[in-house]
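Dear colleague,

Please find below the structure that I am handing over to you, followed by an account of what was found in it. I should be grateful if you would read the two side by side.

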Amino acid sequence: MSTIKQEITELVKEAIYFAANRGEIGNVDVEKIYIEIPKRKEYGDFTTNIAFSLAKEQGVSPHIVAKAIVRSIKKNETIEHVEVSEHGFINFFISKHRLYKVLKEIMEKDTEFGGGDLGRGKKVIIEFVSANPTGPLHVGHGRGAAYGDTVANILAFLGYEVVREYYINDVGTQIDNLGKSVKARYLQLLGQDVPFQDEWYKGEYIIDLGNKLVERYGNTARDYDISFFIDFAKLEILEGIKQTLAKFRVYFTNFISEKALYESGEVKKVVDKLDELCYLYKDKEAILLKTKEFDDEKDRVIIRSDGSPTYFLGDIAYHKNKFERSPSFLINVLGQDHHGYVERLKASLSALGYPKDSLKILLYQLVTLTRCGNPVSMSTREGEFVTLDEVIDEVGVDASRFFFISKKLDTHLDFDLELAKKRNLDNPVFYVQYAHARICSILDKAKKMGIELGTYDSVDLSLLRLEEELSIIKKLSLFPDEIRETIYEPSHLTLYLIEVATRFHNYYNHYRVISSNLDLTLARLTLVNCIRIVLRNVLKLLGISFPEKM
RNA sequence: GCGCCUGUAGCUCAAUGGAUAGAGCAACGGACUUCUAAUCCGUAGGUUGUGGGUUCAAGUCCCUCCAGGCGUGCCA
């Protein structure tokens, strides 16, 4: 079932086609049609500026073109009225009858309303968070987690087969430093005087790990190899990360270990393959990949002069691994601080023969944490940071997730701990949840009074004639369009939620749903129930709870 | 130096190149004998960082400059 917006788009396309056939306007590319919601209600429910672009191409006035198009529009039950503005906009007014059908669709589809089969038969592997297991997650990771999880939810809702993946960088310099840091702390706790190097991890959690080792092994581990400490620390930290993610309602299908890619020989295979393709060369004992041939600004080292591989090499192998699982496309959610890395990664995949555009990289701008406007530091290595865990405990999962998602990806996000705890429209999650709870309360009261929600056919929806009621239905009807248009920018969904909630709260304060007029009560109960369904469906996608009582 | 992102009301943010740039917060004034006042209604608040350009139309696209963030490793 198509949405009203889709119907109108089709009608306009047809009309242009007919008008062109009759020679009233020239031939045009009908794919360019864009239907939008006008800012002012006197301009109708939907509008299009298509006449302007056509007029330009054909040297006629927009008004004349618009008139010609309108003459060719097939009248049907959806459209109450079409008019051409003096400038040349074509404005559509939707019939009440069609709006009532929206309510029917919402009731029938319920939890599925807004979803669809856009992605049927398509598989997507989405990688997000992928924080190094060298310390707990911090606030910045929270944005990637909330965003990646939401996008994954949306894609799944639209019918894609979604694989959620976390890539663990568990080899290399940083992880070695982690092992050394933990060993040093452990030995210090045993009373040894061990120097602590500057590039090591200084966080409190390293000492905690040292303490755990003392508890578990006493002093028997003091001569163990560094790899023992690496494995121990890695597992402990990773376990902590998984717990934080679970608390944040973020789950992964797979955790892929970089180390495992080495052990399975996949990394070596990639090197051989690249060598075979003649994209490798030696420079001062180091081995470089000719990424420059694929639009990178220079070639990149994949194996250092000392024979150790770079992180980049593991990543190439990992992406090859992903492609070999035959996805329709890949998504990587990365912090903006990794953007310098995008070109070389894409270049390496081109070298392997994978199409460049089958990897979609979504960069989010960095997060700064503040309290009452004062910055809070966030360096993992220096150990001065607030963990995501602490933030969740302080402000709650719902408020945190909403906050992370509510800003556009490419804007810097200032996460203010005090602001996130406020319970007003500065922090709209409660506002939206409150609307949901209020509706549940109404439905509950009706039920206790013995009034059951009727089916579509048994309720006289034509009693919903108020401007406010019709405006709400129009807004609800846009949800399926909204979600398809903003898959990768879910901040729009938070705005949508607020708009729906605002309309509801306003309505609630001016009119009573349950009254002595049973028919009207049934009609209004149907309306608020549909609002509830839409609010719930969106909140679910955002990983936010929808309480029945507050 | 070069590259990416951002700059809109006092604050946080909206506005696929469209019609008179919108919300909330804060401020001020109102609304609970009613289905939840975590709500609602009203008032006030703007040279869209700067200067040019593109066009029927620019907050939006292009260029200059200013300010902030990030990147530019044989770090990850």
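Helix H16 provides eight residues to the surface near RNA strand B, the largest share. Please bear in mind throughout that this is a predicted model. H16 spans residues 429–448, and the other elements giving two or more residues to that surface are helix H2 (50–58), helix H6 (173–189) and helix H19 (491–510). By class, the surface near the strand is made up of 21 nonpolar, 23 polar and 20 charged residues.

Which residues come nearest to RNA strand B? Of the 64 around the strand, they are Tyr34, Asn132, Tyr434, Ser441 and Tyr511. On the side of the RNA, 61% of the strand B atoms that come within 4 Å of the protein belong to sugar and phosphate.

Three side chains may be singled out for their polar atoms. Asn91 places a polar side-chain atom 3.0 Å from a base nitrogen of RNA strand B. His339 likewise has a polar side-chain atom at 3.0 Å from a base nitrogen of the strand. For Lys408, the partner is a phosphate oxygen of RNA strand B, which lies 3.2 Å from an N or O atom in the lysine side chain.

Turning to the domains, the assignment for chain A gives domain 1 as residues 4–94 and domain 2 as residues 424–541. Their C-alpha centres are 31 Å apart. The two domains are in contact, with seven residues of domain 1 meeting seven residues of domain 2.

Helix H14 (residues 397–405) deserves a separate paragraph. Its axis and that of helix H13 (residues 388–395) come within 7 Å and cross at roughly 115°; H13 and H14 are therefore roughly perpendicular to each other. In this contact, Leu388, Val391, Ile392 and Val395 of H13 meet Val397, Ala399, Ser400 and Phe404 of H14. These residues divide into seven nonpolar, one polar and no charged.

How is helix H5 placed with respect to H14? The axes of H5 (residues 139–157) and H14 come within 9 Å and cross at roughly 80°, which means that H5 is roughly perpendicular to H14. From H5, the residues Val139, Gly142, Arg143, Ala146, Tyr147, Asp149 and Thr150 meet Arg401, Phe404 and Ile405 of H14. The contact of H5 with H14 comprises five nonpolar, two polar and three charged residues. Phe404 thus takes part in the contact of H14 with H13 and in the contact of H14 with H5.

With kind regards

Key: Residues numbered from 1 in each chain as written. Chains lettered and ligands numbered in written order. Predicted model: local features only at pLDDT ≥ 70, side-chain atom pairs only at ≥ 80, totals over all residues. Heavy atoms only, no water. Axes fitted to C-alpha atoms, helices over the stretch in contact; angles between N-to-C directions. Helix = DSSP H or I, 4+ residues; strand = E, 2+ residues; numbered from the N terminus. Parallel < 35°, antiparallel > 145°, perpendicular 65-115°, else oblique. Contact = heavy atoms within 4.5 Å. Nonpolar A, V, L, I, M, F, W, Y, C, P; charged D, E, K, R; others polar. Near = heavy atom within 4 Å. Polar contact = N/O pair within 3.5 Å; in protein donor to acceptor, adjacent residues only side chain to side chain. Domains from an automatic or database assignment.
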